[in-house]
Amino acid sequence: MAPTRLSGGHVVTQASVEQVYAWLDEVPDPEIPVISLTDLGIIRHVEWAGETLEVTVTPTYSGCPATSIINLDIETALRARGIEKLTLKRQLSPPWTTDWLTEEGRAKLEAYGIAPPQPAGGPKHCPRCQSADLERLSQFGSTPCKAQWRCKSCLEPFDYFKCI
Amino acid sequence: MSTLHDFALRMGDSTLILGHRVSEWCGHAPVLEEDIALANTALDLIGQTQLWLGLAAEEEGSGKTADDLAFLRDAWEFRNALLTELPNGDFGRTLMRQYLFDEWHLLMLQALQGSSEKRVSDIADKAVKEVSYHVERSRDTVIGLGDGTAESHKRMQDALDYLYPYVGELFTPDAIDEAATNAGIAPDLASLRAPYDAALTATMAEATLSLPDSRFAHKGGRTGKMHTEHLGHILTQMQWLQRAYPGATW
C-alpha cells in the first residue's frame with residue numbers, strides 16, 4: 001500500500017491494483033461458488049482514477065442473472081476493505097470468452113464435477129471417472145454458461161462449461 | 001429521435017417480444033431439457049434487449065431506462081417484427097418461429113459487427129455468440145421434427161405455412177432502415193435475403209419440408225403501423241406489475 005497525500009492534507013493509504021485483484025480473487029461466482037470472479041476472467045480492468053477505484057467487468061452471457069449479483073458482490077467486498085469511492089464499469093467488447101478462464105479455475109471446475117470448456121466443443125472426459133465415452137443430453141443447462149452431458153461408463157450426468 | 005435510436009428500438013423490441021413469448025414455455029415444455037433450453041434462449045434474448053433498449057433510452061436522452069421502454073409503452077409504440085409476437089402454438093411452431101428468426105438474427109448480427117457505430121458493434125459482438133448457439137439448436141430441432149414421424153412432419157409443415165408470410169417483413173426496408181444503412185449503422189436488409197434463402201432451402205430440404213412459393217409478406221410491426229391483435233395481450237401479461245404498481249422495484 002502506497003501512502004497518498006490528498007488535497008485536504010491528510011494521508012490515506014490507497015490499495016494497489018494488485019491488492020484489489022487479490023481481494024476480487026476471494027469473491028466467489030454466485031452461481032458456481034467454487035471459482036472466483038478472477039478465475040472466471042470477467043474482471044477486465046482495475047485502476048485508480050484519482051481517488052476513485054474503477055473496476056471494469058464484462059458479462060458472461062448478456063442475460064445472465066448473476067451479472068447484477070456479481071456487481072453487488074464486488075461492491076460489497078471492496079467496501080468491506082475500505083474502498084469508499086468505487087465505480088463499476090461494464091465492457092461488452094471484446095466479448096467474454098471461456099479462453100479467459102484461468103488454469104486454476106478450470107482445475108477447480110473439474111474437481112467440483114463440472115467439465116471445463118474444450119475448443120472441440122464437448123467435454124474431454126467425465127469429471128468423475130475420466131471416461132471419454134460421453135453423450136450430450138442438452139445444449140443448455142442449469143445456468144447460461146453450461147450444458148448437460150452424461151457419462152456412459154459411470155452413467156452419471158454432469159455439467160459441461162460451454163466453450164464460447 | 002435519431003436514426004440510431006430508431007434502429008436500436010427495433011432490434012430491442014423484437015428480442016424483447018420474442019424473449020417474452022419463449023419465456024411463456026417455462027415450466028410447460030414437453031421434456032425438462034427442452035424447458036431449460038427454451039428458458040435459456042429467452043434469457044439470452046432478454047439480456048440482449050437490455051443492451052438494445054438501453055442504447056435506445058440513452059439516445060432518447062430523457063433519462064428513461066431500458067425497463068421504462070419495456071414496461072411503460074403501449075402497443076402502438078412497439079417496433080418489433082410481427083413474427084416475434086405471434087402466439088407460440090405447439091412446441092413445433094415455437095421452434096419453427098425460433099429457427100426462422102434465428103437465421104435472420106444471426107445474419108443481421110454478423111453484419112452489425114461491422115457497424116460504423118461502436119455501441120452497435122459491441123452489442124453485436126456479444127450477441128452473435130449466443131445466437132450462433134440458438135440457431136444450432138433450432139435448426140437441429142426443425143430437422144428432427146420435420147423429418148420425424150408423420151404427425152411431427154405435418155405439424156412442422158403447418159407451422160412453416162403459417163409463419164412464412166411473416167418472414168418477408170425482416171427484409172423489407174423503410175425510410176428508417178435506409179437511413180441506418182446510409183449512416184453505416186446497419187446493413188441493407190434486402191441484402192440479407194439471399195443468404196437467408198440459401199440457409200432455409202438447405203434446412204427445409206434436410207427436414208423434408210416444403211417452403212411456400214408465395215413471398216406475400218405481412219408488414220407493419222417494425223414500422224409500428226399495424227401490429228397483430230396478439231401484441232396487446234402480451235403486454236397485459238408483461239407489463240401488468242409496472243402498470244398496477246408503478247415504479248415497483250425488487
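In this predicted model, the C-alpha centres of domain 1 and domain 2 of chain A are 31 Å apart. The domain assignment of chain A places domain 1 at residues 2-96 and domain 2 at residues 113-161. Contact between these two parts of chain A involves 6 residues of domain 1 and 4 residues of domain 2. Sorted by class, the face that domain 1 of chain A turns to domain 2 of chain A holds 3 nonpolar residues, 2 polar residues and 1 charged residue.

Within chain A, the strands β3, β4 and β5 are a good place to look next. Strand β3(A), residues 43-49, pairs with strand β4(A), residues 52-57, through 6 bridges, and the two run antiparallel. One position to pick out on screen is His45(A), whose bridge partner in β4(A) is Thr56(A). The connection from β3(A) to β4(A) is a hairpin with 2 residues between the strands. In that turn sits Gly50(A), with a positive phi of about 65 degrees.

Strand β4(A) is also joined to strand β5(A), residues 86-90, here by 5 bridges and in a parallel arrangement. In this pairing, Leu53(A) lies opposite Leu86(A) of β5(A). Between β4(A) and β5(A) the chain passes through helix α3(A), residues 66-80, making a β-α-β crossover that is right-handed. Strand β4(A) thus has an antiparallel pairing with β3(A) and a parallel pairing with β5(A).

Turning to chain B, helix α5(B), residues 91-112, packs with helix α6(B): their axes come within 7 Å and cross at roughly 145 degrees. The handedness of this crossing of α5(B) and α6(B) is left-handed. The contact of α5(B) with α6(B) is made up of 14 nonpolar, 9 polar and 3 charged residues.

The two chains meet in a contact that draws 16 residues from chain A and 19 residues from chain B. On the chain B side, α2 (32-60) and α6 (118-146) each contribute at least two residues. Helix α2(B) gives the most to this side, with 10 residues. The classes on the side of chain B that touches chain A come to 8 nonpolar, 8 charged and 3 polar residues. Helix α6(B) therefore appears in two settings, as a partner of α5(B) in the helix crossing and as a contributor to the side of chain B that touches chain A.

Technical notes
Residues are numbered from 1 along each chain as its sequence is written. Chains are lettered from A and ligands numbered from 1 in the order in which they are written. This is a predicted model: local features need pLDDT of at least 70, side-chain atom pairs count only at pLDDT 80 or more; totals for chains, interfaces and linings use all residues. Two residues are in contact if their C-beta atoms, placed from the backbone, lie within 7 Å. Helices (H or I, at least four residues) and strands (E, at least two) are DSSP runs, numbered from the N terminus. Ala, Val, Leu, Ile, Met, Phe, Trp, Tyr, Cys and Pro count as nonpolar, Asp, Glu, Lys and Arg as charged, and the others, Gly among them, as polar. Domain bounds come from an automatic or database domain assignment. Two strands pair if DSSP finds at least two bridges between them. A crossover is right-handed if, with the strands pointing away from the viewer, the path from the first strand over the helix to the second runs clockwise. Axes are lines fitted to C-alpha atoms, for helices over the stretch in contact, and angles run from 0 to 180 degrees between N-to-C directions. A crossing is left-handed if the near helix is turned anticlockwise from the far one by less than a right angle, and right-handed if clockwise.
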